[in-house]
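I opened this model to go through its domains, its strand pairing and its helix packing. My entries follow in the order I made them.

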Amino acid sequence: MYEGLSEIGPHFELSETHKMVRQSIREFAETEIAPHVKEWDQSHVFHRPILKKMAEQGILGLSIPVKYGGGGLDYIALAIACEELERVDTSFRVILSVHNGLCTATIWQWGDMEQKKKYLPMLATGEKMSTYGLTEASAGSDPAALKSKCRLEGDEWIINGEKMWISYTVSSDIFLIFAYEENVRHKGMRAFIVERDFGGITTDNIDHKMGVKAGETGWIHLDNTPVPKENLLGLPEEGFKVAMSALDWGRYTVGAGAVGGAKAALEASVKYANERETFGKKIGQHQFIQGMIADSVADIEASELLVWKCGWVKNQGKINTRETALSKWYATNAAVRCADRAIQIHGAYGFCDDYPVARIYRNVRGATIYEGSNEIQKIIQARYELGYYEDKPLRCMPPAYDPEEWAKEDTDKF
Ligand SMILES: Cc1cc2nc3c(=O)[nH]c(=O)nc-3n(C[C@H](O)[C@H](O)[C@H](O)COP(=O)(O)OP(=O)(O)OC[C@H]3O[C@@H](n4cnc5c(N)ncnc54)[C@H](O)[C@@H]3O)c2cc1C
């Protein structure tokens with residue numbers, strides 16, 4: 001019998017804190033990003049000073065406990081932040097996906113006490129920026145095909161390899177890097193916290209992308225990069241688990257952001273439908289246009305519920321691979337549908353950059369590919385349902401939200 005995912009009842013009410021997060025991040029995004037976003041998108045340049053402003057707003061460590069320099073807010077607050085940033089432009093939500101989700105939260109989940117003490121404060125406060133380097137030119141969906149290699153020499157690991165399609169490589173100081181230990185294939189993937197200053201690291205941007213043009217996507221080359229032994233994340237044989245559980249953080253932020261992209265598409269559609277006239281009436285009066293508006297409303301509502309349900313499961317500290325994959329898959333496809341309808345509603349004007357909808361489409365399209373393509377999310381869903389996958393407790397479980405503990409400032413309790 002199909003029992004549904006994660007046995008919960010409805011939890012629809014946003015707390016006052018969640019509402020405040022929405023309001024403050026919306027204000028920030030509309031003041032600091034929205035007025036410039038068209039220019040940044042068209043010039044294909046990431047405006048780096050925005051990182052300092054995001055750090056000052058506490059956005060870069062929102063769901064990390066206060067004692068580690070974060071905001072001490074729960075994972076639903078993180079989803080709301082992603083949604084609000086992507087409502088303005090996907091590029092700025094991607095910062096949260098790689099920095100807050102894939103890197104900082106993963107160090108928090110898997111790091112030993114020394115790693116947490118050293119890295120979390122600098123990351124949660126945004127003093128240092130970070131990203132996640134799994135993908136390579138010939139290994140995306142199939143990370144077991146990674147070619148990057150590492151070997152232990154005395155007290156250091158030496159890493160060689162090249163990571164491709166990595167977000168915010170040029171602006172990052174810290175990288176989570178995955179490489180196979182030389183001559184060890186079974187359980188041979190190792191996870192490392194790598195600082196740019198360790199040496200042998202070159203990064204650059206890919207500048208001919210379809211979307212996320214106001215942000216960075218690039219490559220990292222590691223040439224005999226020495227990494228201290230203590231920067232191995234997790235036990236040696238846990239590298240693959242670290243890589244996959246990081247994606248549970250990242251995918252959650254991608255799904256949440258997609259809700260914002262879909263809302264932006266709907267808002268633009270409604271505005272245009274109430275302005276443009278054909279056959280002597282506003283196009284919003286035509287039933288075909290109404291149908292598209294209604295379909296987008298349904299898509300957004302369903303996506304947001306899936307994301308928040310997933311946030312609720314995350315708040316409990318449970319493994320959430322299945323919920324996360326479902327919300328990422330559904331919400332990103334839904335965002336593409338909403339953006340596609342928005343272009344249709346705008347007619348020829350949707351086919352150029354005079355209106356935001358073409359940019360929204362180019363942006364949301366990418367999310368069906370990255371952090372695991374949507375085909376991979378579907379496979380995850382089916383395999384769980386068919387009984388081929390099951391959740392097993394991890395040595396380091398995803399940290400549950402604890403409002404009291406997370407609000408404490410006591411650094412002695414590291
Ligand atoms: C804008 C952007 C930002 C990114 N940022 C990062 C980042 O920060 N860090 C990082 O590590 N990576 C990042 N990526 C890489 C991204 O995660 C990969 O592109 C993604 O995992 C897909 O891999 P691929 O492109 O190699 O496609 P492939 O794996 O080659 O897949 C090609 C096609 O085959 C399908 N396919 C593959 N295997 C199967 C299967 N078993 N069954 C059915 N269909 C299958 C895929 O769904 C896809 O449609 C980013 C990518 C983009 C576009």
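**Strands of the middle domain**

I started with β2 and β4, which run parallel and are joined by two bridges. I looked up C150 and found E181 as its bridge partner in β4. I note here that the model is predicted.

Next I turned to the other neighbour of β2. Strand β2 covers residues 149-153 and strand β3 covers residues 156-167. I find the two paired in the antiparallel sense, with five bridges between them. Which residue of β3 stands opposite C150? I read off I159. So much for one register point; I took another. K149 has N160 as its bridge partner in β3.

I then checked the turn. The hairpin of β2 and β3 has two residues between the strands. One entry on its backbone: G154 takes a positive phi near 60 degrees.

I followed β3 onward. It is joined to strand β7 (residues 217-228) by nine bridges. This pair runs antiparallel. I logged one opposed pair, S167 with T217 in β7.

**Domains**

I looked up the domain assignment of the chain. It gives domain 1 as 16-129, domain 2 as 131-238 and domain 3 as 241-385.

How far apart are the centres of domain 2 and domain 3? Taken over C-alpha atoms, I have 30 Å. The contact draws 14 residues from domain 2 and 11 residues from domain 3. I asked which elements build the side of domain 2 that touches domain 3. Those that give two or more residues to this side are β4 (174-181) and β5 (189-195). I sorted that side by class and got 10 nonpolar, three polar and one charged residues.

**Helix α9 and its partners**

I took α8 with α9 to begin. Helix α8 spans residues 287-315, and its axis comes within 9 Å of that of α9. The axes cross at roughly 160 degrees. The two helices are therefore roughly antiparallel to each other. I noted a left-handed crossing as α8 passes α9. By class, this contact has 14 nonpolar, five polar and six charged residues.

I moved to α10. Helix α9 is residues 321-346 and helix α10 is residues 357-366. What angle do the axes of α9 and α10 make? I get a crossing at roughly 160 degrees, with the axes coming within 9 Å. That makes α9 roughly antiparallel to α10. The crossing of α9 past α10 is left-handed.

I listed the contact residues of this pair. From α9 I have T332, A335, V336, A339, D340, A342, I343 and H346. From α10 I have V357, A358, I360, Y361, V364 and R365. I split the residues of this contact into 10 nonpolar, two polar and two charged.

I closed with α11, residues 374-385. The axes of α9 and α11 come within 9 Å and cross at roughly 140 degrees. Why do I log this pair as oblique? Antiparallel needs an angle over 145 degrees, and the crossing is at roughly 140 degrees, so α9 is oblique to α11. The crossing is left-handed.

I wrote out the contact of α9 with α11 too. On the α9 side I find T321, R322, A325, L326, K328, W329, T332 and N333. They meet N374, Q377, K378, I380, Q381 and Y384 in α11. By class, I count five nonpolar, six polar and three charged residues.

One cross-check from the two lists. T332 of α9 is in the contact with α10, and T332 also appears in the contact with α11.

Conventions:
Residues are numbered from 1 along each chain as its sequence is written. This is a predicted model: local features need pLDDT of at least 70, side-chain atom pairs count only at pLDDT 80 or more; totals for chains, interfaces and linings use all residues. Axes are lines fitted to C-alpha atoms, for helices over the stretch in contact, and angles run from 0 to 180 degrees between N-to-C directions. Helices (H or I, at least four residues) and strands (E, at least two) are DSSP runs, numbered from the N terminus. Angles under 35 degrees count as roughly parallel, over 145 as roughly antiparallel, 65 to 115 as roughly perpendicular and the rest as oblique. A crossing is left-handed if the near helix is turned anticlockwise from the far one by less than a right angle, and right-handed if clockwise. Two residues are in contact if their C-beta atoms, placed from the backbone, lie within 7 Å. Ala, Val, Leu, Ile, Met, Phe, Trp, Tyr, Cys and Pro count as nonpolar, Asp, Glu, Lys and Arg as charged, and the others, Gly among them, as polar. Domain bounds come from an automatic or database domain assignment. Two strands pair if DSSP finds at least two bridges between them.
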